[in-house]
Structures are given as structure tokens and as C-alpha cells.
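Let's take a walk through this structure together. Have the sequence and the 3D view handy as you read.

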Amino acid sequence: MLYRSMGKTSEKVSILGMGCMRLPTLGSYDLIDPEKASQLLDYALDQGINYVDTAYPYHGLSNAEGGASELFLGEYFAENDRLDEVYLSTKLPTWLLEDEGDMDRYLDEQLKRLQTDQIDFYLLHSVKEKGWFNLEILGILEFLDSARSDGRIKYVGFSSHDEISFFKELVDSYQWDMCMIQYNYLDENIQAGKEGLQYAADQGMGVAVMEPLKGGVLAEHIPAEVQEIWDSFPVQRKPAEWALRYLWDIPEISTVLSGMNTMDQLEENLLTAEDGLPHSLTGEERELMEEVKEVYHGKMVVDCSRCGYCMPCPSGINIPQSLSYLNQAAILEDDTEVKNQYYFMLKDTERAGNCLECGLCEELCSQNIPIREKLKEVARKFGN
Ligand SMILES: NC(=O)c1ccc[n+]([C@@H]2O[C@H](COP(=O)([O-])OP(=O)(O)OC[C@H]3O[C@@H](n4cnc5c(N)ncnc54)[C@H](OP(=O)(O)O)[C@@H]3O)[C@@H](O)[C@H]2O)c1
């Protein structure tokens with residue numbers, strides 16, 4: 001296993017981390033299969049994986065309550081006495097915080113669930129611009145200071161799916177040790193993206209990547225045009241291997257978390273990780289991947305550059321973000337995950353279905369996009 005520094009902390013994390021949001025189950029998402037999940041963890045740890053990521057709601061049936069992932073990990077590490085071999089990462093459910101005492105209450109509950117007295121990397125989960133002001137008022141940064149100084153957490157970070165402008169503001173707002181961003185070869189220009197990755201790394205932050213395979217979309221159900229490009233290369237690799245190699249080529253990425261739920265997936269990704277050195281892709285390989293990206297991007301249906309000139313919308317719609325989901329759905333064969341994100345990220349009032357067709361946005365759009373028509377398409381596709 002190869003290891004990289006987690007930013008300017010002195011910790012060396014495995015370049016492949018175990019994402020525990022998609023562990024094997026006994027049918028229902030909230031019922032982890034303890035035998036299979038333990039086998040996966042045994043093997044991952046034996047092969048040198050030392051970064052294990054979970055969060056309060058993972059493997060729960062709602063985001064409002066603790067899921068089975070933390071509980072399972074707590075039991076696994078206690079029974080096997082292997083907690084010292086890993087960096088354990090979990091996240092504070094920021095959307096559930098209502099009063100000042102909640103932060104301590106959740107952290108203490110998580111420590112109990114995980115059967116430990118210290119969490120190595122504690123992240124604010126899915127921080128969004130629309131809730132950040134309230135979190136600051138609640139004293140979230142002071143809470144992090146105190147939890148760090150009393151030893152309940154060692155390093156602090158955040159995960160975010162929000163836009164680059166807010167991402168930078170967030171990076172600048174505290175002495176974070178690391179962050180977690182969605183990054184894969186199709187998502188370099190959405191959310192934090194390439195610019196955010198560089199920005200965080202320039203501040204000395206470690207960067208953990210989530211959704212490296214776009215939740216599995218870059219590994220399975222590959223469009224025929226893309227598969228033809230992969231097949232044309234003299235060296236044959238599986239799509240997941242290409243996607244992971246692309247990420248490990250980037251030196252600013254500390255660890256790539258994949259949600260592997262079978263032994264085959266784990267073995268394959270471990271094998272790929274053996275060559276995961278920075279700047280390891282050849283010129284020809286880079287060109288090939290550019291071709292693949294071009295095909296995927298060619299399937300996009302809106303030419304939005306996310307300049308934001310169309311904003312603010314008098315009806316409150318988040319126009320650039322709504323349009324970006326239309327693109328994401330168009331390039332993927334299966335858009336279930338995109339629909340989930342649309343509902344998760346946008347408030348009711350920000351969704352495309354609220355368009356009153358005033359047309360102000362179209363007067364301001366730098367790309368002459370027929371925004372009203374596209375918003376109707378978004379609303380039709382996602383049901384609001
Ligand atoms: N903080 C946040 O907001 C947030 C959000 C998302 C994720 N995360 C963290 O990041 C981790 C990684 O994200 P992710 O689970 O979306 O990762 P991912 O690697 O993009 O997707 C995982 C899925 O990819 C498929 N897969 C993995 N390896 C494969 C292989 N070699 N061949 C074929 N398919 C393969 C599996 O799909 P199938 O199940 O279909 O087989 C698996 O469920 C999560 O587990 C979680 O810890 C955090």
C-alpha cells in the first residue's frame with residue numbers, strides 16, 4: 001500500500017480508504033451484514049488500508065437518526081482490537097443541530113457508538129452555504145476548538161458539496177486539517193472541483209476524495225462510445241481502474257475513499273492502488289482520458305458555464321445548480337443518484353418547478369441559454 005501525508009498533519013494515510021456508507025447488507029440498507037462487512041475490513045486492514053470513513057447517518061433509514069455504520073465499526077474494532085491500526089473518521093450531522101448543546105451531545109454519542117474516546121478525523125458533515133451562518137451562531141468553531149483541546153477529536157475537517165465560492169470561504173474560516181470533496185474525472189468543474197482542490201491543498205489541508213467512481217457510475221453501465229475508447233487502448237483496464245488512476249495521478253489528493261461492498265471490488269481497487277503514484281499517467285493515457293471526458297461532456301444538454309450572471313432569480317431558484325443536475329442526468333445512464341442529490345442539495349424554493357417564466361435570467365445569461373425551457377425540463381425530469 002502507498003501512503004500520502006494528510007496535508008500538513010504528520011499522518012500518513014493509505015491512498016485507498018474504506019468508505020463505510022455502502023457496506024454489504026442483509027437486504028435492507030439499515031441492516032449491515034456483519035460477517036461480510038467484517039471480512040472486507042479484515043482484508044482491507046491486512047492489505048494496509050489505514051483510513052476508515054463513516055458518518056452518523058450512514059446505513060440508517062433517515063438522515064435524522066444514527067445509522068448502523070458507526071455501530072458496526074464500533075463493534076468490529078472493539079472485538080478485533082484493531083482500532084490502533086487505522087485513522088477513524090466520522091462526521092457531525094450539521095443539519096440536525098438546533099442548539100448549542102447538540103454539538104457535544106452528538107460527538108459524545110458518536111464516541112460511544114464507535115466505542116472509542118478519540119476520533120482521529122472529525123468532519124462537519126455536508127456543510128452548505130445556506131446553513132453556515134446558523135452554525136457559526138451556534139458556536140461550531142468554538143466547539144471544534146474545545147473538542148480538540150479536551151482530546152475527543154484529533155484533527156478537524158469538513159465535507160461539502162457546495163459551490164466553489166462558498167467552499168473557499170469555508171476553507172478560509174478556520175484552521176482545518178483536511179476536507180472531503182466529491183472528485184472524479186467528470187466532476188472537476190462542479191462543486192469544489194479542481195480549483196477547490198488546489199485551494200485547499202495550498203492552505204496545507206489534506207484532501208480526501210468521496211465518490212471517486214461517481215457512486216459506481218464510472219465503473220458499470222458504461223456508454224458504448226466510452227467503452228470503445230477504452231477498448232482502443234493497447235493496455236486493457238477496467239473503467240474503475242482508469243477512474244482511480246486518474247485521481248492518484250494528482251499529488252494534492254491525500255486519500256481516495258471508495259465504497260467497496262464486495263471482495264472483488266476491494267481486491268480490484270487494492271491492485272490498482274499499487275501503482276497509484278502522483279504523476280504516474282503517461283501522455284497517451286492522459287489523452288485517452290481526455291477523449292473519454294469529451295464523450296461524456298458531449299452528452300451534456302446545457303452549455304452553462306456557471307458564471308451566475310442569471311442570479312438572483314426573483315423566484316428564488318438556484319438556476320446554475322438546477323441546470324447542472326440536468327447535465328449530470330444526461331451523461332449518466334442511470335440518474336437515480338442525481339435525482340437524490342437534487343432533492344438533498346436544493347431547498348423546495350430553489351427548485352426549477354418554481355419558475356414563473358419572467359425571463360429576467362435569459363436577458364442576463366452570458367451563454368444565451370433558453371433558461372426557462374431548460375428549467376421546465378429539470379422540473380419534468382425530477383418531478384419539481
Ligand atoms: N461527506 C459526504 O457528503 C459524503 C458523500 C458521499 C460519500 N462519502 C464518503 O465517501 C465514500 C466513497 O463514496 P462512494 O461510496 O460514493 O464511492 P464510489 O467509489 O464512487 O462508489 C462506490 C460504488 O462503486 C462501485 N465500485 C467500487 N469499486 C468498484 C470496482 N472496482 N468495480 C466496480 N464497481 C465498483 C460499487 O457500486 P455497486 O454497489 O453498485 O456495486 C460501490 O458501491 C463513502 O463510502 C463515504 O464514506 C461522503
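What follows goes from the overall sheet down to single residues.

Bear in mind that this is a predicted model. Its centrepiece is a barrel: 8 strands close up in the order 3-4-5-6-7-8-9-10, with parallel pairing. On average, neighbouring strands of this sheet are turned by 30° against each other, if you ignore direction. Helix 6, residues 164-172, packs on the sheet, where it touches strand 7 (153-160) and strand 8 (178-182). The direction of helix 6 makes about 165° with that of strand 7.

Now look at strand 3, which covers residues 16-19. Going one way, strand 3 and strand 4 (residues 51-53) pair in the parallel sense over 2 bridges, and here Gly19 stands opposite Asp53 of strand 4. To get from one to the other, the chain uses helix 1, residues 34-46: strand 3, helix 1 and strand 4 make up a right-handed β-α-β unit.

Strand 3 also pairs with strand 10, again in the parallel sense, over 3 bridges. Gly17 has Leu257 as its bridge partner in strand 10. Strand 10 (residues 255-258) is in turn joined to strand 9 (residues 206-210) by 2 bridges, and these two run parallel as well. There, Ala208 is partnered with Thr255 of strand 10.

Which way do the residues of strand 3 point? Leu16 and Met18 go one way, while Gly17 and Gly19 go the other. That fits a general habit: side chains of a regular strand alternate between the two faces of the sheet. As for exposure, Leu16, Gly17, Met18 and Gly19 are all buried.

Terms used: Residues numbered from 1 in each chain as written. Predicted model: local features only at pLDDT ≥ 70, side-chain atom pairs only at ≥ 80, totals over all residues. Heavy atoms only, no water. Pairing = 2+ DSSP bridges. Helix = DSSP H or I, 4+ residues; strand = E, 2+ residues; numbered from the N terminus. Axes fitted to C-alpha atoms, helices over the stretch in contact; angles between N-to-C directions. Contact = heavy atoms within 4.5 Å. Buried < 20%, exposed > 50% of the residue type's maximum accessible area, 1.4 Å probe, protein only. Right-handed = clockwise from strand over helix to strand, strands pointing away.
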